[in-house]
Amino acid sequence: MEEIRSRQGKKPGALMRYLIPAVFLLILINAVTVKFYPTRQPRRIEIQTLKDLAELATIEYDVKKIIKAKDVRWYGDRKILIETAAVLKAGIDLGELSKQDILINGDAITINLPQPRLLQLDMKPRDMREIFNDSGTLRQDFSNEEKDQLLIQGQEDIKNRIAEMGILKRAAQNTKLLLESWIKQTGFREVNIVFKITQPAGDRDQPAGDRSQPAGVRGSQDAQRR
Amino acid sequence: MKKTRLLLTILLALAIGLLIYTPLARFHLLPDLGSLFTSKPPRIEETPVIIEHIKSIAQLFTQSYYDECIFDTGTILTSFFQSDKRLIIIARGVVIAGFDLSRIDANSLSLRGKSISVTLPPPRILDVIVNPSGYETFLAQGDITFQERIDAQEKAKKMIEVNALKKGILQNSGEQGARIMEKFFQLLGFEQIQVRIAKELF
């Protein structure tokens with residue numbers, strides 16, 4: 001009997017001996033993670049910047065997209081429909097053109113142009129229209145922040161579908177026609193325009209397409225130069 | 001006594017559980033505790049992108065201006081039964097200036113041997129782009145309508161355009177346009193290049 005009592009008596013003491021350091025250790029881990037892994041990243045500082053460009057846009061697409069979202073919960077639904085429109089412009093970057101890309105042979109000229117890419121995606125607020133916005137009795141309407149998020153998703157969706165629209169192919173055709181006509185006016189009789197084979201054009205659409213996104217400190221060097 | 005002990009044990013277990021969960025959530029190994037009690041942000045459904053119009057253009061973009069501005073509607077007084085409204089948005093966007101080269105014709109070019117003279121149309125603001133990802137709602141007090149949002153966003157865009165003009169975007173655009181043309185015709189083999197910029201006729 002005495003042995004049993006002594007075993008029962010030892011148990012809480014042993015538990016506390018390990019538990020207290022363990023709790024302290026966990027508190028320490030929490031303190032370290034809170035200190036060194038903040039959940040919010042500090043905001044980048046953006047400045048007003050002017051930047052030189054040398055882009056030739058040769059095609060413009062006007063597109064329309066309906067943004068549709070449903071938020072279904074057991075205590076009520078929310079539904080919204082927004083009509084949006086965007087203007088897409090594609091063309092080439094003349095800044096990439098160098099001496100090596102041009103071959104002149106008498107009155108014949110061959111120009112190696114960079115691949116066309118999406119230069120602009122512009123979703124104008126004035127072309128947006130809220131068609132339907134309804135929520136159940138127990139639900140709140142879509143907030144301004146939620147509408148912002150839905151519109152951003154719509155913008156991303158348009159950008160992701162560039163390849164399906166054939167805009168880059170048309171940009172290449174138009175650029176070729178435009179430059180041929182200009183160069184023929186300068187006295188060349190035979191104008192041969194080809195596009196350099198580089199990485200797939202679709203991949204290059206992403207960074208340049210949405211200019212309103214702060215791409216770091218855009219053109220800071222140009223601003224400094226001035 | 002037993003009940004108190006049980007309660008204390010449960011509380012201790014919960015506290016330990018929380019202490020283990022929090023760092024794991026912070027390292028994104030487990031979902032954030034707050035997200036377990038809030039609904040997920042809504043996702044848009046699949047809808048097509050409809051091409052409405054295709055147009056051939058010839059625009060030379062020569063200058064861009066990036067800016068960020070804050071637009072505040074101020075307090076908008078409403079009827080007695082409604083709360084007053086106020087909307088503050090932050091807009092980040094870009095202004096593009098350049099030339100409409102579709103206005104260039106045979107008369108714009110003048111050739112003499114290895115010399116060329118080009119007359120460009122006056123530079124102008126071609127686009128002011130502030131996409132949805134460029135807008136941030138900082139404050140939305142009261143029942144702000146969709147149209148009121150749109151109006152505020154359009155006004156913020158206008159502010160960015162005015163700032164670009166103040167910074168001399170058109171002058172820089174003209175200078176850069178001349179540089180591009182000089183370089184282009186140099187590459188075509190011309191030795192003397194003169195670029196003129198026409199003045200806007202008003």
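Helices here are DSSP runs of H or I with at least four residues, numbered from the N terminus. Keep that in mind while you click through this predicted model.

**Stop 1: the end of a helix in chain B**

Select Gly189(B). This glycine follows helix α3(B), and its phi is positive, near 105 degrees. Now step back along the chain and select residues 169-187, which make up α3 of chain B. The helix has 19 residues. From the first C-alpha to the last, α3(B) reaches 27 Å, close to the 27 Å expected at 1.5 Å a residue.

Which residues of α3(B) are buried? Colour these: Ile169(B), Asn172(B), Ser173(B), Gly174(B), Gln176(B), Gly177(B), Ala178(B), Ile180(B), Met181(B), Phe184(B), Phe185(B) and Leu187(B).

**Stop 2: the helix before it**

Select residues 146-166 of chain B, helix α2. Does its span agree with or differ from what its residue count predicts? At 1.5 Å a residue, 21 residues should span 30 Å, and the end C-alpha atoms are 31 Å apart, so the two values agree.

The buried residues of α2(B) include Phe146(B), Ile150(B), Ala156(B) and Ile160(B). Charged names appear too, among them Arg149(B), Lys157(B) and Glu161(B). Next, click Gly168(B). It follows α2(B) and has a positive phi near 85 degrees.

**Stop 3: the sheet under α3(B)**

Return to α3(B). This helix lies across β3, β4 and β7 of chain B. It runs at about 150 degrees to β7(B). Show those strands. They form an open sheet of 3 strands in the order β3-β4-β7, with mixed pairing. Why does one side of β3(B) and of β7(B) lack a neighbour in the sheet? β3 (109-112) and β7 (192-197) stand at the edges, each with a single partner strand, so one side of each is left free of a neighbour in the sheet. Neighbouring strands here are turned by 10 degrees against each other on average, direction ignored.

What holds strands together in a sheet? Strands pair through backbone hydrogen bonds, either parallel or antiparallel. This sheet has both kinds, so look at each pair in turn.

- Select β3(B) and β4(B). They run antiparallel and are joined by 4 bridges. Leu109(B) has Val118(B) in β4(B) as its bridge partner.
- Look at the hairpin between them. It has 2 residues between the strands, and Gly113(B) takes a positive phi near 60 degrees.
- Select β4(B), residues 115-120, and β7(B). These strands run parallel, with 6 bridges. Ile116(B) has Ile193(B) as its bridge partner. Ser117(B) has Gln194(B).

**Stop 4: crossing to chain A**

Show both chains. How many residues does each chain bring to the contact? Chain B gives 81 residues and chain A gives 91. The size of an interface is often given as the accessible area lost when the parts come together. Between chain B and chain A, the buried area is about 7,900 Å². Carbon and sulfur atoms give 58% of that area.

There are 7 salt bridges across this interface. Zoom in on one of them: Arg161(A) with Glu46(B). Their closest N and O atoms are 2.8 Å apart.

**Stop 5: chain A as a whole**

Hide chain B. Chain A has 6 helices and 7 strands. Along the sequence, the pattern is α-β-β-β-β-β-β-α-α-α-β-α-α. Of its 226 residues, 46% are buried. Take the contacts in chain A with a separation of 6 or more: residues 24 or more positions apart account for 79% of them.

**Stop 6: the sheet of chain A**

Select β3, β4 and β7 of chain A. They form an open sheet of 3 strands in the order β3-β4-β7, with mixed pairing. β3 and β7 (190-195) stand at the edges, each with a single partner strand. On average, neighbouring strands are turned by 10 degrees against each other, direction ignored.

β3(A) and β4(A) run antiparallel and share 4 bridges. Ile102(A) has Ile111(A) in β4(A) as its bridge partner. Now add residues 167-185, helix α4 of chain A. This helix lies across β4 and β7 of chain A, at about 150 degrees to β7(A).

**Last stop: one glycine**

Select Gly106(A), in the loop between β3 (102-105) and β4 (108-113) of chain A. Is Gly106(A) buried or exposed? Its relative accessible area is 63%, so Gly106(A) is exposed; the cut-off for exposed is over 50%. Finally, draw a distance from Gly106(A) to Lys79(A). The two are 27 residues apart along the chain, and their C-alpha atoms are separated by 66 Å.

Notes: Residues numbered from 1 in each chain as written. Chains lettered and ligands numbered in written order. Predicted model: local features only at pLDDT ≥ 70, side-chain atom pairs only at ≥ 80, totals over all residues. Heavy atoms only, no water. Pairing = 2+ DSSP bridges. Axes fitted to C-alpha atoms, helices over the stretch in contact; angles between N-to-C directions. Contact = heavy atoms within 4.5 Å. Expected span 1.5 Å × (residues − 1). Buried < 20%, exposed > 50% of the residue type's maximum accessible area, 1.4 Å probe, protein only. Buried area = accessible area lost by both parts, 1.4 Å probe. Salt bridge = Lys/Arg side-chain N within 4 Å of Asp/Glu carboxyl O.
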